[in-house]
Amino acid sequence: MKLITAKMADIADTLRSERKQMAKQHEETKVGEITAGQVLGGIRGVPALICDTSTVNADEGLRIRNIPILELTKAQPEDIFFLLCTGSFPNDSERTELHELFTQNSSVPYYVWNVLEAMPRDSHPMVMLSTAILVMERESRFRAAYDTGKGKDKLWQFMLEDAFLLLSRITTIAAAIYRMRFDKGERIAPRTDLDWGANFAYMLGLPDNNSRFTELIRMYLVLHSDHEGGNVSAFTANTVSSALSDLFYSFSAGLNGLAGPLHGLANQECLSFVLELHEKFGGKIPSDDELAKEMWALLNSGQVIPGYGHAVLRVTDPRFTAFHNFGKQNCGDDAIFGIVDKLFQIAPKVLTEHGKAKNVWPNVDAASGSLLYYYGMKEFEFYTVMFGVSRAMGIAAQLVLARAAGVPITRPKGLTSAGIKKMLGMN
Ligand code: CMX
């Protein structure tokens, strides 16, 4: 871990001293104003935390370290983790070190399997993933370092160690959950000669004759790796970590937020909706009118159209574009992908007419599931786990940087309903 630690040591020094300086000199300088709408509306858009790994602009979407995500679709996930942490791509020796760090702990200790095997058969795969991560907390090097009184300024290094421990094991765990939960046979042991994405694809055990599934998995890991710090999973993980809880506590908490239908579970719900349409229309792609009618039925019953809308974005999510392009190149003749493609043509019009959603365009969850389905991963309850594995990179990088910067404990102010009514002159 020598090379990445050396690179991050300089970054940590700068982050910490700049944060201290800003906090001291600009304690009272205003960086924004908060409206009642924001207080009542999920703290939406309030500039309240620092996130250097990535940005999400309403009219463009995700940039990782200021690079538009569509320029990174062919990158290796390991390189993306390095980019998230340091702001630059690894050189050859750093890449060799990274490969070692991503593989050296990929065998998972037996107690984790025992816990997973003891869980009820119908546990959601996200519950299994979150539990497996949490149970490994006992191995946290960060907690061990804290317990032995390591100085606060050094703690980020142990957070980084935990990050590699988590990342090298999470693919083995997730693949095993897939095989265990959906009766796919024995667990497949990790290989050290494969890159992180290829190893994950290999351990899932799905057929991959032309390596297109492996290519999809690598791109999947990259596209879902990070989405700024304010989304539910990242914000939760940051909040938990701000109490100096280690990465296992923090990431497990973040995963529990990702499991919600308005966040990461939307990909599962989206495919479920598409499969219902597929069945209802006898395997054919419904006409524009038929599809619009189905969407209205969903909206009129008070449900949302999964995979559409976003709390920040106001354009088509570039991550959707990447998946959509991949689908057009590789699954163009598939009926399920055909419905996803058709939804893209119709859903924005229906949502515009419906008039509620501030963003009528697809987000990342609208297409990803149909591609996994095409390559044989039919168990869509597993899709949010795929999202969680990818998001481990962004969240781990954010938490290492937050520790490096010495970010203090999170503590926004709660208002009472009576208090805000008074402020609004409603009493
Ligand atoms: N279908 C129907 N109604 C929708 C909608 C959709 N896809 N998206 C938003 N709306 C509705 C909201 O439910 C809200 O209705 P109410 O006023 O009755 O509460 C109204 O439009 C305004 O919401 P908004 O400001 O546009 O959206 P929010 O920032 O509140 O919520 C999100 C954002 C993603 C939760 C919402 O668009 C949604 O529920 N989308 C479907 C689920 C989904 O795809 N989630 C995945 C997001 C990506 C991710 O995090 O993984």
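The exercises below, each with a worked solution, concern a predicted model of a protein with a ligand.

**Exercise 1. The surroundings of the ligand**

Task: Find which residues come nearest to the ligand, and describe the polar contacts that its oxygen atoms make.

Solution: Begin with the residues around the ligand, of which there are 21, and note that His 263, Gly 307, Tyr 308, Lys 356 and Lys 358 come nearest. Next, sort this shell by class, which gives 11 nonpolar, 6 polar and 4 charged residues. Then turn to the polar contacts, for which two N or O atoms must lie within 3.5 Å of each other. In the side chain of Arg 44, an N or O atom is 3.0 Å from an oxygen atom of the ligand, and a polar side-chain atom of Asn 363 lies 2.9 Å from a ligand oxygen. With Lys 358, by contrast, a polar atom of the backbone takes part, at 2.7 Å from an oxygen atom of the ligand. Finally, consider how much of the ligand is covered: on its own it has 880 Å² of accessible area, and the protein covers 76% of this.

**Exercise 2. The second largest pocket**

Task: Describe the second largest pocket by its volume, by the elements that line it and by the classes of its lining residues.

Solution: Start with the volume, since the space in this pocket comes to about 230 Å³. Two elements, α10 (212-223) and α15 (318-330), each give two or more residues to the lining, and α15 gives the most, with 4 residues. To see this in the structure, look for the lining residues, among them Glu 215, Arg 218 and Met 219, as well as Ala 322, Asn 325, Phe 326 and Gln 329. The lining also includes residues from an earlier part of the chain, such as Leu 70, Thr 73 and Lys 74. Sorted by class, the lining residues divide into 5 nonpolar, 4 polar and 3 charged.

**Exercise 3. Two residues with positive phi**

Task: Decide whether Arg 65 and Asn 66 are buried, partly exposed or exposed, and say what sign their phi angles have.

Solution: First place the two residues: Arg 65 lies in the loop between β2 (61-64) and β3 (67-68), and Asn 66 also lies in the loop between β2 and β3. Then use the cut-offs, by which buried means under 20% relative accessible area and exposed means over 50%. Arg 65 is partly exposed because its relative accessible area is 23%, whereas Asn 66 counts as exposed because its relative accessibility is 54%. For the backbone, recall that most residues other than glycine have a negative phi. Arg 65, however, has a positive phi, near 45°, and phi of Asn 66 is positive too, near 70°.

**Exercise 4. A threonine in a helix**

Task: Determine whether Thr 86 is buried or exposed, and which backbone oxygens its side chain reaches.

Solution: Thr 86 is found in helix α3, which covers residues 77-86. Its relative accessibility is 11%, and therefore Thr 86 counts as buried. Its side chain reaches the backbone oxygen of Phe 82 at 2.8 Å, and that of Ser 88 at 3.1 Å.

**Exercise 5. Separation along the chain and in space**

Task: For Ala 189 and Met 203, and then for Asn 238 and Tyr 178, set the separation along the chain beside the separation of the C-alpha atoms.

Solution: Ala 189 lies in the loop between α8 (155-181) and α9 (196-204), and counts as exposed because its relative accessibility is 53%. Along the chain, Ala 189 and Met 203 are 14 residues apart, while their C-alpha atoms are separated by 6.7 Å. Asn 238, in helix α11 (residues 232-242), counts as buried because its relative accessibility is 16%. Asn 238 and Tyr 178 are 60 residues apart along the chain, and their C-alpha atoms are separated by 28 Å.

Methods: Residues are numbered from 1 along each chain as its sequence is written. This is a predicted model: local features need pLDDT of at least 70, side-chain atom pairs count only at pLDDT 80 or more; totals for chains, interfaces and linings use all residues. Side-chain values use heavy atoms; hydrogens and water are left out. On a 1 Å grid over the protein atoms alone, a cavity is a set of points where a 1.4 Å probe fits but cannot get out, and a pocket is an open set with protein on both sides within 12 Å along at least five of seven lines; lining residues have an atom within 4 Å of a point. Grid points are joined across faces, edges and corners, and a volume is the space filled by probe spheres set on the points. Ala, Val, Leu, Ile, Met, Phe, Trp, Tyr, Cys and Pro count as nonpolar, Asp, Glu, Lys and Arg as charged, and the others, Gly among them, as polar. A residue is near a molecule or strand if one of its heavy atoms lies within 4 Å of it. A polar contact is a pair of N or O atoms within 3.5 Å; within protein, one must be able to donate a hydrogen and the other to accept it, and residues adjacent in sequence count only if both atoms are side-chain atoms. Accessible areas come from the Shrake-Rupley method with a 1.4 Å probe; for residues, only the protein chains shown count as cover. Buried means under 20% relative accessible area, exposed over 50%, partly exposed in between (1.4 Å probe, protein chains only).
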